[in-house]
Amino acid sequence: MTTEMSPESEATQPPRHAGGSESPMFSSTASKVTSVLGWMSIVAIGALLTLGLLISPPEVSQGESVRLFYIHVPSAIVCLYIAFSITLVGSIIYLRNQSVFWDLVAGASAEVGVLFLAFTLATGMLWGKPTWGTYWTWDPRLTSTAVSFILYLGYLAVRRLDMDPVARSRRAAVLGIVSFANLIIIRFSVQWWRSLHQGATIDPRDTQLDDSMLASFFLGLVAMTLTFAWLVVHRFRVAWLEHQLEASQLETAIAERTAAAGPSTGLAPGGA
Amino acid sequence: MLGVKWPISFIAVSDPVVRLRGVVSLIGRFPALAGTDLVVEQGEVVLLQGPNGAGKSTLLRLCAGMAPIHTGHGEAFGFDLTTRAGQREVRRRVGLLGHATSLYDDLTVEENVRFWSSAAAIGRGRDGTSSSGGASGSDAARADEAMTRLGVGERLRSVKVARLSAGQRRRAAIAVVVARRPLLWLLDEPHAGLDADGRDLIDELVRQAAEQGATAIVASHELDRVDALATRVLSVVGGQVSA
Amino acid sequence: MIRHAKLIAAKDLRIEVSAKVLTAQILPFGLLVLVLFGFGIPPDRRVLGTDDEASRSLLEQASPGLFWLAILFSALLAINRSFAIESVDGNLDALRLAGFDPAGVFLGKSLAVASELVVLEVIVGIGAFLLYGPPLGDPLLLGSTVLLTTGAMAFAGTLYGALGAGSRLRDTLVPLLVLPVLAPVLLAATRATESSLFEGSSSGWGWVGFLGAFCLLYLGAGILSFGSLLEET
Amino acid sequence: MGWEFVIPGYLIVFGSLGTYAVALLRRGRKLAAQLPEEKRRFLD
């Protein structure tokens with residue numbers, strides 16, 4: 001199955017979002033690299049759907065619902081381990097050198113991360129119903145994921161605050177760093193809380209998986225990671241274009257104001 | 001922390017208090033100052049006039065180290081206004097009277113003036129960063145003196161700020177600035193909301209400050225009033241300064 | 001830094017004494033929440049079971065969590081108030097202009113919030129004992145829990161309160177930011193209090209350690225980051 | 001048994017991914033059209 005993922009077959013595909021394939025290099029947020037990435041994620045998702053939904057067998061005790069596993073765990077891994085780490089790194093670099101690039105990367109990664117976090121929650125609950133008999137259990141992982149979701153919604157809310165853009169970016173960067181610490185604190189405390197109170201619940205994640213199930217899981221991981229990368233690159237580029245647009249509007253505004261005031265006279269002190 | 005290097009032609013006999021060159025300063029995404037040049041020497045009383053929205057307030061805040069410089073160069077007292085460290089040094093030496101009075105409603109006038117003046121005293125340290133007017137006594141003495149000069153009587157001192165009239169509130173805010181004993185006075189429409197008596201008081205304060213070697217930049221629409229004081233009148237239009 | 005912190009804390013507390021928002025509004029709110037919990041969880045409902053613990057009323061068993069929830073909600077009001085007094089008349093700006101050390105502002109404001117919280121905790125705590133009637137097991141453990149939870153709420157609350165300061169959306173933004181962050185604190189405080197009331201000190205000290213670590217983390221984070229948060233230029 | 005949970009799960013995930021991706025591309029195109037060519041560079 002994984003042979004489908006060989007990069008050669010994808011590289012020859014026509015660019016996915018080429019707006020007039022020759023002249024303007026960037027008529028959209030797509031470029032050669034991202035169209036390759038985009039095609040790879042589409043193929044990976046297609047393969048995941050085929051293998052995960054059609055080919056692989058149902059699990060002995062869980063039945064068909066084991067198939068949610070192939071998207072639930074990968075999206076959790078992508079947002080909790082990749083997305084918010086990128087936000088953390090971007091925030092640290094931004095605070096060090098005020099690089100707009102890293103500020104926007106941090107924001108893009110957090111936004112896509114929150115989307116994947118929502119997937120994790122939704123699939124986790126859908127999975128809980130047939131396995132545990134209820135949509136919500138106070139499973140440590142599920143609970144801490146829910147709290148983390150609100151945590152990063154707050155981060156995104158700060159990024160949208162209506163205030164001076166530089167001050168806002170700096171606040172967001174501080175929040176991006178502290179939030180990552182919170183992520184760990186929440187995870188740790190909730191786990192401790194549940195383990196102290198009652199023994200570990202029977203974890204369906206520990207069930208025996210045959211080869212095709214395992215392959216589906218890894219395919220899910222690949223598909224989610226590729227899709228995440230594609231989305232983050234595009235989200236960043238949208239933000240970058242917005243930044244460029246604001247910068248050029250600002251230049252126009254400065255030029256207009258300068259012109260309206262007339263030629264500036266050099267000011268030597270008059271009196272004194 | 002001696003800021004930017006300037007071409008020879010820019011260096012005056014003594015270092016100016018404020019020197020701005022081609023400064024663009026943004027309020028959010030609006031260029032409040034667009035290519036502003038300004039040189040103010042020690043002891044000057046500069047009057048800024050100009051229409052609303054011309055950038056006078058931003059210019060004063062900039063000189064106080066309270067507004068960002070997007071492009072261009074700026075220094076005050078030889079400190080670079082583009083760096084945070086430079087801004088911090090500048091703030092210790094200025095008194096800015098803005099539109100907000102920055103008083104706590106639930107404290108009395110005296111408590112307010114004391115709080116702000118003792119804050120300034122801690123920031124000031126030992127290196128003469130304030131003008132040496134009068135005996136530089138304790139914080140409480142400074143606050144007392146400032147309130148007396150502003151005509152804030154004993155009775156008014158123990159009144160909560162929330163119960164003051166707009167004009168009395170303004171006087172209390174000016175007392176806070178006076179108690180700081182700044183080297184550079186930055187007054188944004190100081191006459192607004194004051195009675196005739198209060199307006200005369202402002203003029204008197206500026207005159208005394210200048211006599212003691214401090215510098216003042218005053219934005220005001222009361223031309224005839226400040227004209228008598230000002231050593232120079234500048235007009236601010238469209239984010240730029242001209243003579 | 002310490003002198004600035006003292007000045008700010010003294011100023012905040014004097015405002016509180018003068019305006020009486022804490023005693024006239026926040027405190028009654030906290031007590032009201034306690035009473036309302038009694039409506040939500042019928043006081044005569046008991047947990048089925050034969051052993052001692054299970055024969056307690058549900059309300060009594062839940063009392064540590066309910067107490068800390070009441071404190072948490074009141075703390076939100078106190079944090080909001082702490083930044084509301086600075087944003088009415090450009091005072092945050094003036095604090096910067098006056099040359100306050102940002103770390104000092106952070107420490108001072110958290111100390112003021114912490115002192116207010118202690119007052120709240122004592123009175124709401126007495127209320128909780130009267131209304132819910134739990135036993136008092138281990139006062140030392142209870143005391144350290146209260147102290148460290150106060151610190152955790154004050155430090156984290158002040159840091160996050162500053163994130164929303166100066167924005168028109170502060171009132172609604174700050175709870176969204178603070179609640180998930182304080183969720184582990186609520187958890188730890190509840191467990192530690194439960195163990196101090198019902199079990200004696202067995203597992204409670206672990207949670208107290210957790211609270212202490214949280215306190216230190218946010219103390220450090222606040223001191224380091226407050227400059228970046230307050231500075232608008 | 002279980003398909004009634006699996007199908008909605010996959011629909012939610014891949015439906016939202018698709019919608020989000022399309023929305024991003026559209027936003028990108030609209031923005032790109034407003035900018036001169038030399039500004040449309042990403043730090044690739």
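**Close-up views of chain A and its contact with chain D**

In this predicted model, helix α4 of chain A is largely enclosed by the rest of the structure, because 25 of its 33 residues are buried.

**View 1. Helix α4 of chain A, from end to end.** Follow α4(A) from its first C-alpha to its last and you cover 46 Å. That span is close to the 48 Å expected for its 33 residues at 1.5 Å a residue. Just after the helix comes A:Gly133, a residue with a positive phi, near 85°.

**View 2. The side of chain A that touches chain D.** Here 36 residues of chain A meet 30 residues of chain D in contact. Two helices to look for are α4 (100–132) and α7 (211–261) of chain A, each of which supplies at least two residues of this side. The largest share, twelve residues, comes from α7(A). By residue type, the side of chain A that touches chain D divides into 17 nonpolar, 13 polar and six charged residues.

**View 3. A:Arg237 in helix α7.** Let's stay with chain A and pick out one residue of helix α7, A:Arg237. Is this arginine, A:Arg237, buried or exposed? A:Arg237 has 27 C-beta neighbours inside 10 Å, and 20 or more are needed for a residue to be called buried, so A:Arg237 counts as buried.

**View 4. A:Arg237 and A:His72.** This view brings in a second residue of the chain, A:His72. Along the chain, A:Arg237 and A:His72 are 165 residues apart. In space, their C-alpha atoms are separated by 27 Å.

Technical notes
Residues are numbered from 1 along each chain as its sequence is written. Chains are lettered from A and ligands numbered from 1 in the order in which they are written. This is a predicted model: local features need pLDDT of at least 70, side-chain atom pairs count only at pLDDT 80 or more; totals for chains, interfaces and linings use all residues. Two residues are in contact if their C-beta atoms, placed from the backbone, lie within 7 Å. Helices (H or I, at least four residues) and strands (E, at least two) are DSSP runs, numbered from the N terminus. Ala, Val, Leu, Ile, Met, Phe, Trp, Tyr, Cys and Pro count as nonpolar, Asp, Glu, Lys and Arg as charged, and the others, Gly among them, as polar. The expected span of a helix is 1.5 Å times one less than its number of residues. A residue is buried if 20 or more other C-beta atoms lie within 10 Å of its own, exposed if 12 or fewer, and partly exposed in between; C-beta atoms are placed from the backbone.
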